[in-house]
Amino acid sequence: MSTNMLLALIGVAGIVSAALYARRRQWIDALLVLVAAVALGLFAAGLKLPGDAGRGLTLDPSAPPPMLEGVRAFAVKGDGLRAAQWNDLPALPLQWQRPEGGSLRLHYPRQLALGRTFTLRVQRDDKLDARLQLLAENGQVIADTRGTGDLVVNWTPPLAERVVLKARLQDAAGKTIAEGPVPLTIHEPNILQVQGRFGAPSFDLRTLNELLAGSGALLDWQVVLGRAITRTELPSEEMKAPNLLVIDAAWFERASSAERSALLGRVAGGLPLLVLGANANDPGVWSRTLGLPLQAQPADKKIDTPFELPVAPLNPGAREAGEWSGSDNLVWTRNWQKGRIAWLGASEWHRHAISEPQALALWWQGVLDRVGIDVSKEVEWLEPEELPLPGQRMELCARGVKGEVSFPDLKLTRTWSPRTDSACVAVWPEKSGWLQVKDAKAGAHAVYVYAPGDWPQWQAAQRRDATARYAARTPVQALAGAARAFPAWPFALSFVLAMLLLWWRERR
């Protein structure tokens, strides 16, 4: 029975009983019945008083909280607490005013494959003119930019190594606003296993072959040089699991229906396919088999990102062409069941192999990224959610690991705790610098532990975000519980006394 229904029944019973006593002119008895009914109704209603039940606790970010018995609400000043500190506390109402300004955020990868471009982006609250510098370990400036909004610098590492770069943010007058370490681990790239089938030779094919071979890729390469003449290049070692198919348009147009079906069957199973479209001649083949609407392009049409390249004679007429989606580097892609097909509508990139080899390699890396090559990894280390600091709880997570993991610097061994899509361990680093990690399956790894004074504006932004998330997850029930219940015993006592007095009067 609901509270409202119960209160209604109590009210009706009280009014009817009082009316019966009043009809017999027993005014005192009628009053006693009304008092008893009101007391019973107030007892059942469960009145709440405004204000917090229990006590409020002001949290100190630099000290662990004391005993929480009787604490019904938290208060915190300034930037708040770290995520690891909030995770150790129960969800209670929080009194906190988020500060404005004075923070920044850095975005960059902690791990990078050799040959990739390292990008550091600084997101600022202050939008005034500023300068961002990236410095090597010896203090030499290796990248520099300036602007009024978010600032971005790029750098291409020359070696596979573990380094601690430095970033420096200066205002328009050259005064340092923020400065701190930027740890980075550059590792050898994952090996591409490429199968190439081409219907006509070209300088572009030769240049692409050299680029892939120079990156250490395994190549199964076949080029038709003439009638019944094929140039074949076999991989230097066994190709266990090809992760990229490359063909030119001429090979596909001349292939039999069975060969095309076999090729597309492999793509449907999850293998990405890149089509070099410079020598396409039959738009009907592509429309019927892949739903790719090709249109003739002007003979002198070119693109200029990042360097000048002629456009293929046949290309989709728009960026969005049915199931196909294009990009600025003339790559159109579409999903093909579990796989992906990409059409490259540019040519003559071989002209930049000597004059701009680095730019050409980066452009091709962008093309391969659009293809969506998935190089499977048995183990993947995940970046910590917030800056690791000495003496603070740090959670290290990875995918594909289990069993035990050791931390030689801490002389500590932990057991991986499984999560939904990863496994994690918690440790408390003792000092700043690289913290070595060793796992039987994943091998050696290292996590950089920042000093307490590193990037204070970044730490402030992370604490603000963590505090805002904690406030958002405080349950509604906890907020409702901030009003304490009025003591029920006075209502119960009033009801009992009124009924006893009424009984005594009836017995007289």
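Biologist: Let's start with strand 5 and strand 7 (residues 118–124): how many bridges join them?

Modeller: Happy to look, keeping in mind that this is a predicted model. Strand 5 and strand 7 run antiparallel, and Arg-105 stands opposite Gln-123 in strand 7. The number of bridges joining the two strands is 4.

Biologist: Which strands stand at the edges of the sheet with the order 5-7-10?

Modeller: That sheet is open and is formed by 3 strands with antiparallel pairing. Its neighbouring strands are turned by 15 degrees against each other on average, direction ignored. An edge strand has a single partner, so one of its sides is left without a neighbour in the sheet. The strands in that position are strand 5 (104–107) and strand 10 (151–155).

Biologist: And in the open sheet of 4 strands, which residue stands opposite Glu-404?

Modeller: The order in this sheet is 29-28-32-33, again with antiparallel pairing. Its edge strands, strand 29 (412–415) and strand 33 (443–449), each pair on one side only. Strand 28 (residues 404–407) is joined to strand 29 by 4 bridges. Opposite Glu-404, in strand 29, stands Thr-415.

Biologist: Now the helices. Are helix 1 and helix 2 roughly parallel or antiparallel?

Modeller: Helix 1 (residues 3–23) and helix 2 (residues 27–45) pack with their axes 8 Å apart, at an angle of about 175 degrees. Angles over 145 degrees count as roughly antiparallel. Helix 1 is therefore, relative to helix 2, roughly antiparallel.

Biologist: How many residues of the contact of helix 1 with helix 2 are nonpolar?

Modeller: Helix 1 brings residues including Leu-6, Leu-7, Ile-10 and Tyr-21, while helix 2 brings, among them, Trp-27, Val-33, Leu-34 and Leu-40. The contact also has 4 polar residues and 1 charged residue. The nonpolar count is 14.

Biologist: How are helix 4 and helix 8 arranged, roughly parallel or perpendicular to each other?

Modeller: Their axes come within 11 Å and cross at roughly 85 degrees. The contact is made by Thr-207, Leu-208 and Leu-211 of helix 4 with Leu-360, Ala-361 and Trp-364 of helix 8. These residues divide into 5 nonpolar, 1 polar and no charged. Since angles of 65 to 115 degrees count as such, the two helices are therefore roughly perpendicular.

Biologist: I'm curious about the empty spaces too. Which element gives the most to the lining of the largest pocket?

Modeller: This pocket holds about 1,500 Å³ of space. Of its 47 lining residues, the closest to the centre are Ala-113, Arg-116, His-187, Pro-189 and Asn-190. Elements giving two or more residues to the lining include strand 12 (176–187), helix 4 (203–214) and strand 33. With 7 residues, the element that gives the most is helix 8.

Biologist: What classes of residue make up that pocket lining?

Modeller: The lining of the largest pocket has 10 charged residues and 13 polar ones. The remaining class is nonpolar, with 24.

Biologist: Finally, which strand gives the most to the lining of the largest cavity?

Modeller: The cavity has a volume of about 190 Å³, and its lining has 12 nonpolar, 3 polar and 3 charged residues. The closest to its centre, of 18 lining residues, are Arg-110, Pro-384, Ala-446, Val-447 and Tyr-448. Strand 12 and strand 33 each supply at least two residues. With 4 residues, the one giving the most is strand 33.

Key. Residues numbered from 1 in each chain as written. Predicted model: local features only at pLDDT ≥ 70, side-chain atom pairs only at ≥ 80, totals over all residues. Heavy atoms only, no water. Axes fitted to C-alpha atoms, helices over the stretch in contact; angles between N-to-C directions. Parallel < 35°, antiparallel > 145°, perpendicular 65-115°, else oblique. Contact = heavy atoms within 4.5 Å. Nonpolar A, V, L, I, M, F, W, Y, C, P; charged D, E, K, R; others polar. Pairing = 2+ DSSP bridges. 1 Å grid on protein atoms, 1.4 Å probe; cavity = no way out; pocket = protein on both sides within 12 Å on 5 of 7 lines; lining within 4 Å. Points joined across faces, edges and corners; volume = space filled by probe spheres on them.
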